[in-house]
Amino acid sequence: MESVEDTRKVGRRRFLGVAWKVLGVAAAAEFAAVVGTYLWPRKGKEGAGEAPLLEAGPVADFTPASVTAFPQGRFYLVRLADGGFLALSSKCSHLGCTVPWDEGTHRFPCPCHASVFDMTGDVLSPPAPRPLDLLQVTIEGGVVKVDTAKRIQRTRFEPSQVTYL
Ligand code: FES
């Protein structure tokens, strides 16, 4: 005949067994969710809930030799002196700090490790290993649009990267 103490031990053992199984299933589900997120990332994650094609505005709103920040899209729209457009990621190509535009020097100085980029995003001072990433610019009906879904890595600035009206 089982004592009350024996019955408690069996009950505790059964409870712990069930608890371990529940924790095991939860851990397996969590692992599957992490692997699933890695293998099938959500589209447009860069823009976090916003449409990937961002309307920057009419061409006339951007004067030549100007830089306009679009913090919601995490990029700068650069209008070069010749009227062409470039959209530059505001994320430093070194370790990802946000680079500010310095109107005084016409450069992007990174506050983290002192990399400096020129108006086309080219590296003037390392440690940044490559220029600021590009975003695709299109001009439709006189309106500048920027695709925020894709960041294009490049090794240097080339004139073919500029979009003209
Ligand atoms: S993150 Fe910009 S220089 Fe290091």
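## A strand covered on both faces

Let's start in the middle of things, with strand β3. Phe75, Leu77 and Arg79 point one way from β3, Tyr76 and Val78 point the other way, and all of them are buried. Counted over the strand, 5 of its 5 residues are buried, and β3 is described as mostly covered. Please keep in mind that this is a predicted model.

## The protein as a whole

With that strand in view, here is the wider setting. The secondary structure of the protein comes to 1 helix and 9 strands, and along the sequence these follow the pattern α-β-β-β-β-β-β-β-β-β. Of the 165 residues, 35% count as buried. The protein exposes about 10500 Å², and carbon and sulfur atoms supply 61% of that area.

How much of the contact pattern links residues 24 or more positions apart? Among contacts in the protein with a separation of 6 or more, such pairs account for 46%.

## The six-stranded sheet

Strand β3 belongs to an open sheet of 6 strands, with antiparallel pairing and the order β1-β9-β8-β4-β3-β2. β1 (53-58) and β2 (66-70) stand at the edges with a single partner strand each, so one side of each has no neighbour in the sheet. On average, neighbouring strands of this sheet are turned by 25° against each other, direction ignored. As general background, strands of a sheet pair through backbone hydrogen bonds, either parallel or antiparallel.

Elsewhere in the sheet, β8 (residues 134-140) pairs with β9 (residues 143-152) in the antiparallel sense over 6 bridges. Glutamate 140 stands opposite valine 143 in β9.

## Two hairpins around β3

On one side, β3 runs antiparallel to β2, and 5 bridges join the two. If you would like to trace the register, threonine 68 stands opposite leucine 77 in β3, and phenylalanine 70 stands opposite phenylalanine 75 in β3. β2 and β3 form a hairpin with 4 residues between them, and arginine 74 in the turn has a positive phi of about 55°.

On the other side, 5 bridges join β3 to β4 in an antiparallel arrangement. Here tyrosine 76 stands opposite leucine 88 in β4. The hairpin of β3 and β4 has 5 residues between the strands, and glycine 83 takes a positive phi near 95°.

## Two nonpolar cores

Which residues of the largest nonpolar core touch the most other members? Of its 17 residues, these are Val67, Val78, Leu86, Leu88, Val99, Phe108 and Phe117. β3 (75-79) and β4 (85-89) each supply at least two residues of this core. Apart from it lies another core, of 13 residues, including Leu77, Phe85, Ala87 and Leu135. In soluble globular proteins, nonpolar side chains tend to be buried together.

Valine 99 is a good residue to click on when exploring the largest core. Leaving out residues up to four places away in sequence, valine 99 touches Tyr76, Ser90, Cys92, Phe108, Cys110, Phe117 and Leu132.

## Two buried residues outside the strands

Valine 162 lies in the segment after β9. Is valine 162 buried or exposed? Its relative accessible area is 10%, so valine 162 falls under the 20% cut-off and counts as buried. Not counting residues up to four places away in sequence, valine 162 touches Leu80, Gly84, Phe85, Leu86 and Phe157. The C-alpha atoms of valine 162 and glutamine 136 are separated by 9.5 Å, and these residues are 26 apart along the chain.

Aspartate 133 lies in the loop between β7 (123-125) and β8. At 12% relative accessibility, aspartate 133 also counts as buried. With residues up to four places away in sequence left out, aspartate 133 touches Ala87, Leu88, Ser89, Arg151, Ile152 and Gln153.

Note on methods: Residues numbered from 1 in each chain as written. Predicted model: local features only at pLDDT ≥ 70, side-chain atom pairs only at ≥ 80, totals over all residues. Heavy atoms only, no water. Pairing = 2+ DSSP bridges. Axes fitted to C-alpha atoms, helices over the stretch in contact; angles between N-to-C directions. Core = buried A, V, L, I, M, F, W, Y, C linked by side-chain atoms within 4.5 Å. Buried < 20%, exposed > 50% of the residue type's maximum accessible area, 1.4 Å probe, protein only. Contact = heavy atoms within 4.5 Å. Areas by Shrake-Rupley, 256 points an atom, 1.4 Å probe, with all protein chains shown as cover.
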